[in-house]
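Here are three short exercises to work through with the model open beside you. Try each one yourself before reading the solution.

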Amino acid sequence: MNIKTIEWTGGIDGHVRLIDQTLLPGRCAVLSVRDVEAMWEAIKVLRVRGAPAIGIAAAFGLVLGMQQIDDAATITQAQQKLQQLSDYLAGSRPTAVNLFWALERMLKVAKKTDTENTAQLKQKLLDEAQAIRDEDAAMCRAIGKHGAGLIKEGSTVLTHCNAGGLATAEFGTALAVMFTAHEQGKKFRVFADETRPLLQGARLTTWELMQAGIDVTLICDNMAGHLMSRGEIDLVITGADRIAANGDAANKIGTYSVAVLAAAHGIPFYIAAPSSTFDLSIPDGQQIPIEQRDRQEVINFGAQPVAPENVQVYNPAFDVTPAKYLAGIITERGLIDHPSSDSIRQMLQ
Ligand code: MRU
């Protein structure tokens with residue numbers, strides 16, 4: 001992809017440019033985001049989405065918000081402002097821990113005592129946000145390297161939702177494994193679940209894989225079990241939004257069903273995620289907050305109504321796959337085979 005998923009342009013008074021993912025695949029348009037309110041909205045409505053990408057967006061959002069405070073303000077005033085902005089952005093989406101991880105990292109910069117004035121603090125915050133973006137890009141490359149060996153010549157991979165370059169700084173997590181295997185010259189096939197209700201698989205994953213020249217076939221979410229029963233899937237790789245200390249992993253709604261189906265058919269199920277997606281403060285997946293989204297997403301298919309306007313709707317955006325269903329978690333530090341609290345702690349230490 002030549003266009004960056006999300007980037008800062010200009011100096012401290014600059015702004016964010018991001019691909020508006022709600023318009024894909026019809027239009028690949030870059031949106032300029034110039035204030036923190038616009039960033040909150042972009043995260044909320046999934047203009048920018050995917051756990052690592054919303055962490056980066058939140059970090060840049062804080063930099064945009066801090067443009068509102070005068071350089072003459074005291075450090076204490078600047079710290080208070082930053083905390084308010086962080087609380088505000090934290091209310092945009094609850095499940096992906098990368099958002100809170102990035103906000104926390106930015107707040108830590110402001111707590112350091114060696115900053116002389118507010119202007120200097122603003123610059124340090126921009127530097128930190130850029131570092132979060134650059135480190136994510138490097139982690140994605142490393143995930144690709146650690147996972148590519150799992151894809152054998154001639155194999156078929158199933159993925160759910162979009163864990164590609166669009167969901168990260170660049171290159172992706174689950175898709176990084178595929179991009180790297182493809183760079184290594186391997187021939188393999190990918191099935192992409194469409195991922196109702198917002199169709200990240202249909203709109204974004206197929207778009208990214210096709211651009212890379214990878215053989216991809218789109219299926220509806222209810223077709224994966226049929227393919228598995230016919231021996232057509234060799235492995236499943238998805239991303240994650242939050243991984244608890246014991247390896248239970250939240251990802252896009254429908255991932256749990258795919259994992260159970262994979263287990264029933266003896267197919268290995270892998271999650272690919274950077275260390276910023278782990279939340280070691282929670283022992284298991286029951287503590288992961290699950291975002292509930294607007295009913296309109298379910299009663300419409302794109303712009304087309306597909307259900308009675310007043311039908312009752314349940315619309316959780318994520319589900320949790322218990323660690324027992326995972327063959328492994330591919331991180332930037334290596335593969336955690338059959339993850340447990342101990343092996344996760346060891347890898348992340
Ligand atoms: O609601 P979304 O589109 O932000 O959900 C994204 C996912 O569930 C991804 O699989 C996950 O964030 C991993 S992205 C590398």
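**Exercise 1.** Find into which domains the protein chain is divided, and describe how they meet.

Solution. This is a predicted model, and its protein chain splits into domain 1 (6–141) and domain 2 (147–348). Next, take the C-alpha centres of the two domains: they lie 26 Å apart. Domain 1 brings 29 residues to the contact and domain 2 brings 35 residues. Together they bury about 2700 Å², with 56% of that area coming from carbon and sulfur atoms.

Now turn to the polar side. Three salt bridges are counted between domain 1 and domain 2, and 16 residue pairs are in polar contact across the interface. On the side of domain 1 that touches domain 2, H2, H4 and H5 each supply at least two residues, and H5 gives the most, with six residues.

**Exercise 2.** Locate the largest nonpolar core and say which element gives the most to this core.

Solution. The largest nonpolar core has 43 residues, and Ile 6, Val 16, Met 39 and Phe 60 have the most contacts inside it. Among the elements that give two or more residues are strand S1 (6–9), strand S2 (15–19) and helix H1 (36–44). H2 gives the most, with twelve residues. A second, separate core of 26 residues includes Ala 174 and Leu 235.

**Exercise 3.** Decide whether Ser 86 is buried or exposed.

Solution. First place Ser 86: it sits in helix H3 (residues 75–90). Its relative accessible area is 5%, so Ser 86 is buried, the cut-off being under 20%. Beyond its neighbours within four places in sequence, Ser 86 is in contact with Leu 62, Leu 103 and Leu 107.

Notes
Residues are numbered from 1 along each chain as its sequence is written. This is a predicted model: local features need pLDDT of at least 70, side-chain atom pairs count only at pLDDT 80 or more; totals for chains, interfaces and linings use all residues. Side-chain values use heavy atoms; hydrogens and water are left out. Helices (H or I, at least four residues) and strands (E, at least two) are DSSP runs, numbered from the N terminus. Buried means under 20% relative accessible area, exposed over 50%, partly exposed in between (1.4 Å probe, protein chains only). Contact means heavy atoms within 4.5 Å. A nonpolar core is a set of buried Ala, Val, Leu, Ile, Met, Phe, Trp, Tyr and Cys residues joined through side-chain atoms within 4.5 Å. Domain bounds come from an automatic or database domain assignment. Buried area is the accessible area (1.4 Å probe) that two parts lose on being put together, summed over both. A salt bridge is a side-chain nitrogen of Lys or Arg within 4 Å of a carboxyl oxygen of Asp or Glu. A polar contact is a pair of N or O atoms within 3.5 Å; within protein, one must be able to donate a hydrogen and the other to accept it, and residues adjacent in sequence count only if both atoms are side-chain atoms.
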